[in-house]
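Here are my notes on this model, point by point. Please keep the structure open while you read.

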Amino acid sequence: MDFNALIDGLGGHTLDGLTRGSIYALVALGYTMVYGVLRLINFAHSEVFMVGTWTVLGVYTVLGADSESAMPMVIFATLTALVAAALASASVALAVERIAYRPLRKKNAPPLIFLITAIGCSLVLVEIFGHVLKVFFGAPFGRAPVNVPSPIQTHTLLTIGDVRITNVQVFIILGAVLMMVALDLFVNRSRLGRGVRAVAQDPDTAALMGVNQDRVIMLVFILGGAMAGVAGLLFTINFDITKFDIGFIIGIKAFTAAVLGGIGNLRGALVGGLLLGIVEVYASAVFSSNWADVTAFIVLVLVLMFRPTGLLGESLGKARA
Amino acid sequence: MSDLNEPTPDSTTDPSPQGRATGAFGLPRLNIADRYSKAPLWVRMPIVLIGISFAFYLPFLNILPFAYIRTDLTSGGSDWGGVLFLIVIYMIVAIGLNVVIGLAGLLDLGYIGFYAIGAYSVALFGSPSSPVTEMIADKFGLSEGWAVPFVACVPIAIALALASGVLLGAPTLRLRGDYLAIVTMGFGEIIRILSRNVTSVTNGSAGIIGVPSPPEPSENFFSAIETAHWYWLALSVLILLIFLTRRLEDSRVGRAWLAIREDEDAAAVMGVNAFKFKLWAFAIGAALGATAGLLFASKQAYVEPTGFALNLSFLFVAMVVIGGSGNMVGAMLGAFLITYLPERFREFQDWRPFAFGVAMVAVMVLRPQGLIPSRRRAREFADRKNEAEEAAADA
C-alpha cells in the first residue's frame, strides 16, 4: 500500500493508463461487436490480436525497419505494419468464424459449444506460434518472448508540470480514438452498418427485410479483427514485445473493458477500456505491478455483480445516436 | 457395486429412431450399454468385479501383446505406475467437472482453482515447514515440526473447496453462461496469482515441501518410488467417488441438474430452485476437484504455483467435452485419452496442446455431443439440429 507513489505521479500514471486503455478499447470492440450480433463471446478474439503483433514483427523484419531508420522509412514501415496487421487479424477472425462458428450455427448448437470450439481455436492459434512454426522456421517463433523493436523513437513532445507526454503516447491514444470514431461512423451512418445494427436488434426481422445475416456476421468478424490488428501494432509500439500467449491476458482485459462499458455498445468499449487502463495503472502504483493483472478480474467480478449491463448499457442495436 | 452402471431412466424407452440402428460413422450400433444394463445382476456383478480387479492389476501388466500399452517399454519412457496414477487423478477431475459442465450445464473454466485449493490446503496444513503450520505451532507453543495429520487435512481441504465453490458461485451463478465462463477463468487465475504473490502464507514461487503422505500400513509404503501403491490408493478413491456420483446423478438433485441444463426457465416453472441446485453442482464439483488436487500434492510431496497454470483448466474442459459431457464414462474416457496418449507417444509431447486444440474444434464441429455422450444429451443435440433444419426448410 503506497498511496504516495500514486499521488506523486498521478498525471504520469493517468497518461500511462489512457495509453494502455486505448489498446484495450480497440480489442474490446471485437468482443462487443460479435456479442452484439451473435450473443456469444468470441473467445478466440485474443488470439486474433496476438496474430496482429506477430504480423507487425514480420513487416519490420521484411522491410528492415529498426530504430536507426530514417523518417520516411519509419512512416512507411508503420503504415505498412498497420495495414498488414489489420488484414492478417481480420483474415484470422474470418477463418475462425468459418471453421468454428458457422457449422455450429447451422446445427443450432447450445452456446456452450461455441465457447468450447472458440477455446479450441484459441489453443490452436497459440500453439501455431508457440510450437508449430518453430518446428518449421525456428526462432523467433517459440515460447520465449520476442522483441519487436518499433522504428518510432520515443521522445518527449511537451511537459506539463512534471508530466512528460511522449510522441508514442499521443500516437497510440490518437490512433485508437481515430479508429473508433471511424468504426462508429461506419456502423451508424453507412448502409452496411445499418445492416449490422438491424441484425443486432432483431435477426429474424432483419432477415425478412432482406439483410443477409451471414454477410453481416462476416463483416462483424472482419471489422473486429481489423481493430484487433491495429491494437496489435499499437501494443508493440508501446511495449516493444510479443509472445505466443500474449493474447490471453490482453483478451481478458479487453473483455473486462467491454463488459465494463456495456457489452454490445461501441462507445461503451472506449469508456470501459480507458477506465480499466487507468484503474489498472493506479492499482499497480498503489500495490505492486505483480497485482496489475488481478485488477482486471476484480473489476470484472464487481461489474458483473453490481451492474451487469455495464456503465453505458448493453446492445449494439440500441446504442445509437 | 451393482448400480455402477445402472441404466439412465430413459435408456430403455428410447422412442426416437435416430441413434438406434446405426451409431458413429454409420456402423451398426452394438448397444453394449443397453445389453449390459438389461443383463441380470449375476451377470453384471462379475463383470464389474473383473473390471475392477483388472484395473488393480494394471501396474504389473506384463503379458504380450497387452503390455504394449505400458509407457515404460523404451528407455526414457514415463514410469508406468506414475502414468496410471495421473490418469486416475484426472479421471477424478473429469467426473467432478462433469457434474458442473455435463450435468448442470455450467461452463467452469477455473476448475484448476479448486484443484489448487485441494493441493495447497493439504500442503499448508500438513507440511511441518509451511508458514501456516509454523505460525500455528508458534502461537500455541507446539513442538517444532508439528503439523496437521493427513487424515485431518482431507476434510479441511474439502471444506475449503466447498466454501470457495459457494463463495465463487453465489455472486456469479445468477449470470448467464458465457459470463460465468469468463468469471470462473478469472477465479482460476486469481488463485494462481495469490499462491505466487502472498509469499507470507504460501512461500510464493518457492513452493512448499514436505506435503504429508496418507497413513501407511508399513514403512515407506507411500514413498515416491512405490507408484503402484499410489495408483491403488487413487483408484480406490475413484471407485468410491464414481459410486457416490452415480447415486447423486440418479437422485432428485441429479434430475434437477438435467432440468436446469436443458431449460432453466422451464425448470424454474416446475418448481426447481435453479440457483440452489447450480450452487450445489458448483460446490460438489469443487470438492471433487480438491480431492484430486490433494492426492496429487501428497504424491508429489511438493506444491508450487506454476503447477496450476490456466492451461490445465482448458485441458480439464477438453477431457469432459471430447469424451462426452453428461456421461461419466465419456468424461473418464476423455481423461484417459488426454493423459495417456501423450505419455505413450512422448516423442510428440510438444504437440500436445496443439493436438488438443484441433481435437476440441473437430469433435465439437463434427460431433458436438462428444465421443460417448449420454443418450439424453445426444437426443438434445439431435432435437436442436432438427429444429434448425426445419426452420431453414420453412424459410
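1. Chain A has an accessible surface of about 13000 Å². Carbon and sulfur atoms make up 67% of that surface. Bear in mind that this is a predicted model, and every value here is computed from it. Of the 321 residues in chain A, 56% count as buried.

2. The fold of chain A comes to twelve helices and four strands. Its C-alpha trace spans about 60 × 50 × 35 Å along the principal axes. The radius of gyration is 19 Å, and this agrees with the value near 20 Å that a compact globule of 321 residues would have. Contacts reach far along the sequence: among those in chain A with a separation of 6 or more, 77% involve residues 24 or more positions apart.

3. A:Arg20 gives a concrete case of such reach. This residue lies in helix H2 of chain A. The C-alpha atom of A:Arg20 is 8.4 Å from that of A:Asn238, although 218 residues separate the two along the chain. Setting aside neighbours within four places in sequence, A:Arg20 is in contact with A:Phe239, A:Glu280 and A:Val281.

4. A:Leu104 is worth a look next. It sits in helix H4 of chain A, which covers residues 71-107. Is A:Leu104 buried or exposed? Its relative accessible area is 0%, under the 20% cut-off, so A:Leu104 counts as buried. Which residues does A:Leu104 touch, not counting those up to four places away in sequence? Within chain A they are A:Ala109, A:Ile113, A:Phe114 and A:Thr117. From chain B come B:Met364 and B:Val365. A:Leu104 and A:Thr117 are 13 residues apart in sequence, with their C-alpha atoms 9.2 Å apart.

5. Now chain B. There are 16 helices and two strands. The radius of gyration is 22 Å, close to the 21 Å from the globule rule for 395 residues, so chain B is as compact as a globular protein of that length. Its C-alpha atoms fill a box of roughly 75 × 55 × 40 Å along the principal axes. The accessible surface is about 17900 Å², and 65% of it belongs to carbon and sulfur atoms. Buried residues make up 52% of the 395 in chain B. Of the contacts in chain B with a separation of 6 or more, 74% are between residues 24 or more positions apart.

6. A word on confidence. The mean pLDDT of chain B is 83, and 91% of its residues reach 70 or more. Residues 1-20 of chain B have a pLDDT below 50. In the model, that stretch still has 37 contacts beyond near neighbours in sequence.

7. Aromatic pairs deserve their own point. Over all chains, the structure holds 26 of them. One joins A:Phe43 and B:Phe314, edge-to-face, at 6.2 Å centre to centre and 90° between the planes. Why does this pair join two chains? A:Phe43 lies in the loop between helices H2 (10-38) and H3 (45-63) of chain A, while B:Phe314 lies in helix H13 (residues 310-323) of chain B, so the pair spans both chains. A:Phe43 is buried, with a relative accessible area of 8%. B:Phe314 is buried as well, also at 8%.

8. Another pair lies within chain B. B:Trp80 and B:Tyr340 meet edge-to-face, 6.5 Å centre to centre, with 70° between the planes. B:Trp80 belongs to helix H3 (residues 80-103) and B:Tyr340 to helix H14 (residues 328-344), so the pair ties together parts 260 residues apart in sequence. Both residues, B:Trp80 and B:Tyr340, are buried. Ring pairs also link a cluster in chain B; its members include B:Tyr90, B:Tyr111, B:Phe187, B:Phe282 and B:Phe316.

9. Cysteines next. How many disulfides does a search of the whole structure find over all chains? Zero. A:Cys121 is buried, with a relative accessible area of 8%. B:Cys153 is buried at 1%.

10. Last, B:Ser130. This residue is found in the loop between helix H4 (111-126) and helix H5 (131-139) of chain B. With a relative accessibility of 0%, B:Ser130 counts as buried. Leaving out residues up to four places away in sequence, B:Ser130 touches B:Ala123, B:Leu124 and B:Ile208.

Key: Residues are numbered from 1 along each chain as its sequence is written. Chains are lettered from A and ligands numbered from 1 in the order in which they are written. This is a predicted model: local features need pLDDT of at least 70, side-chain atom pairs count only at pLDDT 80 or more; totals for chains, interfaces and linings use all residues. Side-chain values use heavy atoms; hydrogens and water are left out. Rings of Phe, Tyr and Trp (its six-membered ring) pair if their centres lie within 6.5 Å; planes under 30 degrees apart count as stacked, over 60 as edge-to-face and the rest as tilted. Buried means under 20% relative accessible area, exposed over 50%, partly exposed in between (1.4 Å probe, protein chains only). pLDDT is the predictor's confidence in each residue, from 0 to 100. Contact means heavy atoms within 4.5 Å. The radius of gyration is taken over C-alpha atoms; the globule rule is 2.2 Å times the number of residues to the power 0.38. Accessible areas come from the Shrake-Rupley method with a 1.4 Å probe; for residues, only the protein chains shown count as cover. A disulfide is a pair of cysteine sulfur atoms within 2.5 Å.
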